[in-house]
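Biologist: I would like a close look at one part of this model, and then at how that part sits in the whole. Please give the cut-offs as you go.

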Amino acid sequence: MGMNLTLKVWRQKGPEDKGRMVTYRVEDVSPDMSFLEMLDVLNERLILEGDDPIAFDHDCREGICGMCGMVINGVAHGEQVATTTCQLHMRHFEDNAVITVEPWRAEPFPVVKDLVVDRSAFDRIIQAGGFVSVPAGSAPDAHSVPVKKDDADDAFDAATCIGCGACVAACPNGSASLFTAAKITHLALLPQGQPERDSRAVAMVEQMDAEGFGGCTNTGECTAVCPKGIPLDTIAQMNRDYLRAAK
Amino acid sequence: MSTGYAGYTEGEPIRDTKAPDGPIEERWEKRKFSAKLVNPANKRKLNVIVVGTGLAGGSAAATLGELGYNVKSFCYQDTPRRAHSIAAQGGINAAKNYRGDGDSVYRLFYDTVKGGDFRARESNVYRLAQVSVNIIDQAVAQGVPFAREYGGLLDTRSFGGAQVSRTFYARGQTGQQLLLGAYQALERQIAAGTVKMHTRHEMLDLIVSDGRARGVIVRDMVTGEIERHLADAVVLASGGYGNVFFLSTNAKGCNTTAIWRAHRRGAMFANPCYTQIHPTCIPVSGDHQSKLTLMSESLRNDGRVWVPLKAGDDRPVSQIPEDERDYYLERIYPAFGNLVPRDIASRAAKNVCDEGRGVGPGGLGVYLDFADAIRRLGRDAVEKKYGNLFEMYERITGEDPYTQPMRIYPAVHYTMGGLWVDYDLQSTIPGLFVIGEANFSDHGANRLGASALMQGLSDGYFVLPTTIGDYLANGPYGEVDEEAVTEAEAEVRQKIEKLLTNNGTRTADSYHRELGKIMWEYCGMERTEESLRKALERIPELREEFWQNVKVSGEADELNQALERAGRVGDFFDLAELMCIDALHRTESCGGHFRAESQDADGEALRDDENFSYVAAWEYGEQGPILHKEDLDYEYVKMSQRSYK
């Protein structure tokens, strides 16, 4: 007793192609399937029909690698709260539903093909300063610097960002503030992050701007769709650190 | 050479693993001192390729960049941060003895050799235990947010196979945090210009010139362009091959192509049959299933495992009275009960399901029941302990584990086998180094929990950067034979062409699924001579059909995920065959390799140390594989039989 669905999927051959929505009928979908498994079934059919399967990014399929991501019915990763696309299951959809599926849309995330986008801008933001400069072998004993448990826990919460880019896709400004702030906050809360704290905040914010991401206007869409629930106040932390350092 | 009974021949044994001699605690120091150094000005002239960006590859590329080498790093994902190390949950072992509970380098060494069921190399394992303490220091200095206690010091927990508390962790996301540490170090080197990163690139062949590994052929997965990249040394850190079973806890993209192609070019493949099957995974829900999700083993501390007493009993749980339930682990293993080690719990689950007593779709599942724990401790206490796991379970299955038992089933999780390497982590092809899960290394026939992260980072941050220097000190290695490169390129193109023009009637995934079923059925948790022979009949037939009949749509010069998959499946077929040959030749049971013919009176795994205390290193041969044995000597840890009754 499967479900029957109508999918409207964004198809785009490559960056130069204009792209369009294409309608597919998918029948006998098990409610136990994940959203990506449902697309797998459709793709198997497309391959056998000699068509190009729908390209989409995915890898771990357990919600941690951050590779998957699509806008489902207008919401990044779909309507299920704190859930990546790969962990979204079909039981949350109605039989005979019409589902739209689109890629992340933001200028700094150009479409590569269909639902696949180029998120390398995120890597370049990390390159600008999202690290502690400590070559292998040079570290002191791990217990030489105690860290307050609360700080370690808060740093961890910020560090759980999976870099999927849903925050950017959801933001009306296409801002990467939540992503950038999560890393700045993670390292700012730890003693190991202090020596480079100022330069890191400035360099990462400037890179974020250089990539063409928009500014933050505290809309909060980012944290609403974030599969890891990165809190909005990390952005306040980023702004504080940036202003302090830029003085 | 003698002819084996599974279509293989036996070649010369491997006599030298290049481990220094002398007292075991001095060997790594000795090697570090004897390894030649490369002066900083020369490092810039030396090129190193690293394939894979998980814990091993990411940390290695970053460290080689820091040292001043010219590094090229490759991954198939869109960014190096997504490698599957990211999904490791539990933790990372290190012999810090911060608890003062009697831990030491020697004890970690001892536990690992024993846990590996005496099929690992003592010298390597000892070094791993030594280096483990540096890993924690390095990770903390990078800002990895490990769990801490109120005094500000690092928290640890205990894990299977150890009586001390030596596992460092970052909630249930230790792999993620360690990988991000390595990723950030790597990005720092990319910014510094020492590492050139190639994302969305897949290695399709190894270039061997004058007997040395000199580069790779890769496909740009966006443009489809076939590229050649040359270097003075190549490092493979491309992970394990659990996806040969189709369903596993690996990421969808994990594959064997990089190491298999290297094997075809002359690198020996060691112990391919050693696979680890994890007992607590969420069962398959239907034919659409694309991967399996692990549920932390810690659940077995409070959950009771059972199946209905009668076969074919499909009543709902609430209607099965207590005396018609079989708590089989408690019944068979009264001393350890639900806490028997991974391999034993997995096999017991398979046995009850084979008897027709499994639960859920297809009868492939057993209950893990928390009703008693909730009665005893209260729902709140259970929620505090396992809340996030219960939530994950409900998300995937749609069932509430507070009101009905979880269903679990074993799944392929890790592969101990891999390319053979010596003490320097160098394969049998000079200049080809293999690190992390991709090598066969340190876990013997069974890996202990929280040891994979340790090995990946040990190899990448500390061991390889030293040992590869000794090889590179004799470089640069000059011109690469153009013929070797064009030949490798041509082979890659031919294969792609073949796949795209085949125009058959089945998809690559459908063949992969069928291959996986064969492997799971005949070369899975329990292997017999009969089952393995069946597999060795079926695999070549199916492979033949695959190459005749697979259908791949799309073009070569575009992003083509159907093509990517088909290429990987092609290599899985060949690997599967070697796994079965290895499993058939090893008539003993050891660690994750259980041969039904080799068990004691209680049905437990029975090793045959007299005949099988060796590493089986397989050389590729056109006429079938050639077995080279590396004898294992135990000077320090006394061999013994495991028992959990």
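Modeller: The answer below starts with one helix and works outward to the chain, the contact between chains and the core.

This is a predicted model, in which local features need pLDDT of at least 70, side-chain atom pairs count only at pLDDT 80 or more, and totals for chains, interfaces and linings use all residues. Residues are numbered from 1 along each chain as its sequence is written, while chains are lettered from A and ligands numbered from 1 in the order in which they are written.

The part is helix α3 of chain B, residues 55-67. Helices (H or I, at least four residues) and strands (E, at least two) are DSSP runs, numbered from the N terminus. At 1.5 Å a residue, the 13 residues of α3(B) should span 18 Å, and the end C-alpha atoms are 18 Å apart, which agrees; the expected span is 1.5 Å times one less than the number of residues. After α3(B) comes B:G68, with a positive phi near 110°.

Because 13 of the 13 residues of α3(B) are buried, this helix is largely enclosed by the rest of the structure. A residue is buried if 20 or more other C-beta atoms lie within 10 Å of its own, exposed if 12 or fewer, and partly exposed in between, with C-beta atoms placed from the backbone. B:S59 is in α3(B) and has 36 C-beta neighbours inside 10 Å, so B:S59 counts as buried. Leaving aside neighbours within four places in sequence, B:S59 is in contact with B:A182, B:L457, B:G460 and B:Y461; two residues are in contact if their C-beta atoms, placed from the backbone, lie within 7 Å. B:S59 and B:Q184 are 125 residues apart in sequence, with 9.6 Å between their C-alpha atoms.

For contrast, B:A35 is found in the loop between α1 (27-34) and α2 (40-43) of chain B. With 16 other C-beta atoms within 10 Å, B:A35 is partly exposed. Not counting residues up to four places away in sequence, B:A35 touches B:T466, B:T467, B:G469 and B:D470. B:A35 and B:A191 are 156 residues apart in sequence and 29 Å apart in space, C-alpha to C-alpha.

Next, the chain that holds the helix. Chain B has 17 helices and 22 strands, and 58% of its 645 residues count as buried. A compact globule of 645 residues would have a radius of gyration near 26 Å, and chain B has 24 Å, which agrees; the radius is taken over C-alpha atoms, and the globule rule is 2.2 Å times the number of residues to the power 0.38. Of the contacts in chain B with a separation of 6 or more, 73% are between residues 24 or more positions apart.

The helix also takes part in the contact with the other chain. In that contact, 63 residues of chain B meet 65 residues of chain A. The elements giving two or more residues to the chain B side include α3, α5 (122-142) and α6 (174-192). The most comes from α6(B), with 9 residues. By class, the chain B side has 23 nonpolar, 25 polar and 15 charged residues; Ala, Val, Leu, Ile, Met, Phe, Trp, Tyr, Cys and Pro count as nonpolar, Asp, Glu, Lys and Arg as charged, and the others, Gly among them, as polar.

Across the contact, helix α2 of chain A (residues 120-129) has 8 of its 10 residues buried, so it is largely enclosed by the rest of the structure. Those buried residues pack against α5 (177-188) and α6 (197-210) of chain A together with α6 of chain B. A loop takes part too: B:S290 lies between β14 (275-281) and β15 (304-308) of chain B and touches A:L36, A:E37, A:D40, A:R61 and B:K252, not counting residues up to four places away in sequence.

Last, the core. In soluble globular proteins, nonpolar side chains tend to be buried together. Here the largest nonpolar core has 284 residues, and those with the most contacts inside it are B:V235, B:L236, B:L419 and B:C580. Such a core is a set of buried Ala, Val, Leu, Ile, Met, Phe, Trp, Tyr and Cys residues joined through C-beta atoms within 7 Å. Helix α16 (residues 561-585) of chain B gives the most to this core, with 14 residues. The core also draws at least three residues from each of domain 1 (3-113) and domain 2 (119-246) of chain A, whose bounds come from an automatic or database domain assignment.
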